[in-house]
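User: I have a model open and would like to check how its labels are earned. Could you take me through them?

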Amino acid sequence: MRILLLDRNNYHLFQPLLYQVATAGLQPGDIAYPVRVIFRGQKNLEFRMAELLGAELDRKVVLTSTGPVPYDHLILALGAETDFFGLESVSRHAFPLKGVADAVAIRNHVLRCFEQAVHEPDAALRRELVTIVVVGDGPTGVEMAGALSELVRLVLARDLPGLDLREVKVVLLEASARILPAFDEDLGAAAARSLARKGVEVRTSAAVEDCDGRAVRLRGGQLLRAATVLWAAGVRASSLGEAIGVERARLGRIVVEPTLALPGYPEVSVVGDAAHVVDRGQPIPMMAPPAIQMGRTAARNVLLRLQGKPAEPFRYRDPGSLATIGRNAAVAHVRGLKFTGFPAWVVWLGVHLVWLIGFRNRLVVLVNWAWEYFRYQKAGYLIGPE
């Protein structure tokens, strides 16, 4: 059996730690690993760096930037993209966080704003430069807000003597009534208290309507002036699903059978964020654990089909939820147990180290976290090329 892996990037990215690159805690290379190195010992696998453009399912051909590629079995892991909910001004001026380039752009922009602010004589413009708005109530938004506040108050406040912390604002905006709605209400409340202790202003029932790069307008007309707006309010399945021409459900996710196969095309499976899979009456969340489990099921089903056996249905096993709010603070719901604070933070550290690919990356990230914890220094604290 020969396996061809197609990807537009030549690296595997550990997205759960992407926000730490954006907040100067890690370097891009700490959370990315070359695909060719990962599969160096797998002799039946070929990697090709190419952009997927579409597919002709009846002909069993995928269309790529390097030409058409025929297949016998196809697994589509198309991923997700930022959902701006049709707000064109937000899509133009707010920063998304879906890839390495996004994270580096955020880091450079934030650091430039604070460098400019310490020499800015205009008080109104100075306050605008040091105001950061994070939009979104999920783990990414919460983790970003907490990490940015610590970057400012533990690092920049020390290294930029002209910075007046009384003018700095990190604001977390959420359109619903509370943050972390996927967690139990008491864990969401604990996360809100931790953010408040770190100097983050949490505003719920605050829906964004417009953004021009210098201010955010909320529903009701309230204007919040900020030079930095980070968008973590939602994702939707990759638009490639439309290019392939298959049935899609809410958020553009591709409708699949219980075995993850496309209806009418048993040789094609869809996994991860792009797959619309219902469990207990609800779509499975667009997160890493379901994607990993789907990938294993799809691969196992290919082997079963090659043996002439029926494919197995996918069964999701919820491993729990974790979200960190900076140093010593996190919330966790794992196997029926709920805990917060330092114990949850230690669990979060361990889980993320385990899932990082490559011993070097694990070691570097662990050393960086330890150095930052004891020395209040950021490994990626520089303004570099984007």
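**How the labels are earned**

Analyst: Two strands make a good start: β19 and β20 (residues 265–270) run antiparallel and are joined by two bridges. Before we go on, this is a predicted model, in which local features need pLDDT of at least 70 and side-chain atom pairs count only at pLDDT 80 or more, while totals for chains, interfaces and linings use all residues. Residues are numbered from 1 along each chain as its sequence is written, and side-chain values use heavy atoms, with hydrogens and water left out.

User: What makes β19 and β20 a pair?

Analyst: Two strands pair if DSSP finds at least two bridges between them, and two bridges join β19 to β20, so the definition is met. Within β20, S269 is the bridge partner of A261.

User: Which strands are called edge strands, and why?

Analyst: The open sheet has three strands in the order β8-β20-β19, with mixed pairing. Its edge strands are β8 (74–76) and β19 (261–262), each pairing on one side only. Strands here are DSSP runs of E, at least two residues, and helices are runs of H or I, at least four, numbered from the N terminus.

User: Why does N108 count as buried?

Analyst: Buried means under 20% relative accessible area, exposed over 50%, and partly exposed in between, with a 1.4 Å probe and protein chains only. N108 has 0% relative accessibility, so it counts as buried. N108 is found in helix α4 (residues 100–117), whose buried residues also include R107 and L111.

User: What makes the link between N108 and R107 a polar contact?

Analyst: Their side chains are joined at 3.4 Å. A polar contact is a pair of N or O atoms within 3.5 Å, where within protein one must be able to donate a hydrogen and the other to accept it; residues adjacent in sequence count only if both atoms are side-chain atoms.

User: How do you know that the span of α4 agrees with its length?

Analyst: The expected span is 1.5 Å times one less than the number of residues. For the 18 residues of α4 that gives 26 Å, and the end C-alpha atoms are 26 Å apart, so the two agree.

User: And what makes the chain as compact as a globular protein of its length?

Analyst: The chain has eleven helices and 26 strands. Its radius of gyration is 22 Å, close to the 21 Å from the globule rule for 386 residues, so the description fits. The radius is taken over C-alpha atoms, and the rule is 2.2 Å times the number of residues to the power 0.38.
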